Amino acid sequence: MKKGFTLLEMIVVVIIVSVLMLLTIPNISKVIDSVDSKACDAMTKVVDSGIVEFKLDYGTMPNSITDLVNGGYIDSSQTSCSNGKALSIVNGHCVHE
């Protein structure tokens, strides 16, 4: 008698793997969206801290993110979120699109 898998057994294994992938892939994309959102919120807090430091040093709010970059309060890479949303200053607070 030969040892090995029958075609039917192989098809069952492929179906099971396919179902597992169908269940897993949507969850992975949800996690990635959640991580991007949390990273953007964290970047917003970093820029808010720069705004507070700028106000303490100059006595006024910065007009734009560029003022913070030029003053050395944030790095140029901190002007947008990792998902590409640009950051801006509105009413003394950092907001993203």
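**Leu68 and its surroundings**

Let me start with one residue: Leu68 touches Val47, Gly50, Ile51, Phe54, Pro62, Tyr73, Ile74 and Ile89, leaving aside residues up to four places away in sequence. Contact here means heavy atoms within 4.5 Å.

This is a predicted model, where local features need pLDDT of at least 70 and side-chain atom pairs count only at pLDDT 80 or more, while totals for chains, interfaces and linings use all residues. Residues are numbered from 1 along each chain as its sequence is written, and side-chain values use heavy atoms, with hydrogens and water left out.

The average pLDDT (the predictor's confidence in each residue, from 0 to 100) is 90 for the protein, and 99% of the residues score at least 70.

Now the core. The largest nonpolar core (buried Ala, Val, Leu, Ile, Met, Phe, Trp, Tyr and Cys residues joined through side-chain atoms within 4.5 Å) has 13 residues. Leu68 is among those with the most contacts inside it, along with Val47, Ile51, Ile65 and Leu87. Helix H1 (7-58), helix H2 and strand S1 (87-90) each supply at least two residues of this core, and H1 gives the most, with 5 residues. Helices (H or I, at least four residues) and strands (E, at least two) are DSSP runs, numbered from the N terminus.

Next, strand S1. Leu87 and Ile89 point to one face and are buried (under 20% relative accessible area, 1.4 Å probe, protein chains only), while Ser88 and Val90 point to the other face and are not buried.

What stands opposite Val90 in S2? His93 does. S1 and S2 form a hairpin with 2 residues between them, and Asn91 in the turn has a positive phi of about 50°.

Methods
Buried means under 20% relative accessible area, exposed over 50%, partly exposed in between (1.4 Å probe, protein chains only). Two strands pair if DSSP finds at least two bridges between them.
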